[in-house]
Amino acid sequence: MLGGDYEARVLEPSPPAVSEPPFADDPVEPGEVPEGRELVSPVHNRGDLTWDEIVAEEPDLAPWCADRWLGAWKRLEPLPEGFVETRVALHKVAEAVIAPARMPATEIALRYTRGGFGTPFFEQDGADCQIRVEHGELVRQRGSEETREPLPGVDTAAATALGDFYGLACSVLEQLRADETDGDPSLVQLWPEHFDMAVELGSEHDGKRANFGASPGDDDHPEPYLYVGPWTADVSGELWNATAFKGAELTYSELISAVDHRRTALDFMRERYRALQEA
């Protein structure tokens with residue numbers, strides 16, 4: 001897409017499979033950049049240019065970037081009818097089908113992939129493999145070959161809405177991780193047990209570590225939400241408004257009512273990170 005003129009980083013996992021813990025690649029890691037080339041990243045602080053800056057010069061790239069949550073970020077839409085039923089169905093797929101397919105079997109964390117979620121690439125019988133959900137279809141990839149099958153109980157529009165929520169969340173959490181390197185950040189990962197995407201930031205020793213994440217909804221939340229959940233800090237006050245857990249939350253309805261969804265999500269996360277560090 002960049003004509004071979006740049007090194008590029010994205011949000012989605014890519015081959016080859018990683019053979020050492022955590023058995024997952026870090027898609028935004030700058031890595032080695034050959035002399036004389038510039039690095040294009042989905043987040044600032046990790047390259048010479050962002051995809052969003054490239055789009056400003058090459059507007060024809062905007063739809064491609066927006067579809068992958070690299071830049072020219074699209075707006076989230078109101079949730080389609082049947083979202084909760086599809087979310088419940090895909091949660092079961094994540095736990096029962098996708099996570100168990102990872103190699104080694106002890107590694108269960110997943111990742112945002114275009115139009116949904118899936119495994120990092122793993123090696124199986126000498127081939128780079130991935131299993132993912134894309135717009136409600138189950139995709140099994142082995143090398144350059146893939147198979148697709150529909151999933152029962154899954155609405156395409158609702159599955160796409162879920163994928164877009166994860167895409168926005170991944171973009172936001174990777175930017176937060178790039179900004180707060182002094183907070184000993186973990187990888188951004190999607191956990192199949194609760195079906196949420198999260199990154200850990202802050203000093204555990206000083207009681208300032210927290211999960212910063214995005215949930216597609218649960219028994220206490222019929223719609224998706226962003227959250228900050230301190231590990232041990234005793235938080236209170238208007239910033240810490242969650243009711244089902246100790247921490248803070250921003251509902252999907254509040255998020256999509258904002259002018260700039262990505263900026264609103266980042267501001268929500270950053271404000272609470274700063275409050276924890278200054279407490």
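These are my notebook entries on side-chain contacts in this structure, which is a predicted model.

**Entry 1: salt bridges**

I began with charged side chains. Side chains of opposite charge can pair when their charged atoms come close. My count for this model came to 20 salt bridges.

I looked up a few of them one by one. R148 pairs with E146, and their closest N and O atoms are 2.9 Å apart. How exposed is R148? I found R148 partly exposed, at 38% relative accessibility. E146 is also partly exposed, with a relative accessible area of 37%.

Next I went to D67 and R68, whose side chains meet in a salt bridge at 3.9 Å, N to O. D67 comes out at 25% relative accessibility, so I noted D67 as partly exposed. R68 has 16%, and since buried means under 20%, I put R68 down as buried.

Then I checked R209, which forms a salt bridge with E200, the closest N and O atoms being 3.6 Å apart. R209 is buried, at 7% relative accessibility. E200, at 26%, is partly exposed.

Which residues are joined into one network by salt bridges that share partners? I wrote down D67, R68, K74, R114 and D164. So the D67 and R68 I had already looked up both turn up in that network.

**Entry 2: aromatic pairs**

I moved on to the rings. Searching the whole structure gave me 10 aromatic pairs.

One of them is F117 with F195, an edge-to-face pair with 5.1 Å between centres and 85° between the planes. Where do these two sit? F117 is in strand β5 (residues 116–118), while F195 is in the loop between β10 (189–191) and β11 (196–201). The pair therefore ties together parts that are 78 residues apart in sequence. Are F117 and F195 buried or exposed? I found both buried.

I also looked at Y225 and Y227, which make a tilted pair: 6.1 Å centre to centre, with 50° between the planes. Y225 is buried, with a relative accessible area of 6%. Y227 counts as buried too, at 10% relative accessibility.

Back at F117, I asked what cluster F117 belongs to. F117, F165, Y166, F195 and Y252 form one aromatic cluster.

**Entry 3: charges over rings**

Here I met R209 again. Besides its salt bridge with E200, R209 lies over the face of W231, 5.5 Å from the ring centre.

I noted another case at W73. The charged end of R262 sits over the W73 ring, 4.0 Å from its centre.

**Entry 4: the nonpolar core**

Last, I turned to the nonpolar residues. In soluble globular proteins, nonpolar side chains tend to be buried together. The largest nonpolar core in this model has 65 residues.

Which members touch the most other members? My list reads L90, F117, Y166, M197, F212, L226 and M269. F117 and Y166 were already in my notes as part of the aromatic cluster. I then asked which element gives the core its largest share. That is helix α4 (residues 156–179), which supplies 12 residues.

I picked M269 from the list and looked up what M269 touches, leaving out residues up to four places away in sequence. The contacts are V172, L173, L176, F212, G213, L226, Y227 and V228. Among them, F212 and L226 are on the list of core members that touch the most others. Y227 is there as well, and I had already met Y227 as the partner of Y225 in the tilted pair.

Terms used:
Residues are numbered from 1 along each chain as its sequence is written. This is a predicted model: local features need pLDDT of at least 70, side-chain atom pairs count only at pLDDT 80 or more; totals for chains, interfaces and linings use all residues. Side-chain values use heavy atoms; hydrogens and water are left out. A salt bridge is a side-chain nitrogen of Lys or Arg within 4 Å of a carboxyl oxygen of Asp or Glu. Buried means under 20% relative accessible area, exposed over 50%, partly exposed in between (1.4 Å probe, protein chains only). Rings of Phe, Tyr and Trp (its six-membered ring) pair if their centres lie within 6.5 Å; planes under 30 degrees apart count as stacked, over 60 as edge-to-face and the rest as tilted. Helices (H or I, at least four residues) and strands (E, at least two) are DSSP runs, numbered from the N terminus. A charge sits over a ring if NZ of Lys or CZ of Arg is within 6 Å of the ring centre and within 35 degrees of the ring normal. A nonpolar core is a set of buried Ala, Val, Leu, Ile, Met, Phe, Trp, Tyr and Cys residues joined through side-chain atoms within 4.5 Å. Contact means heavy atoms within 4.5 Å.
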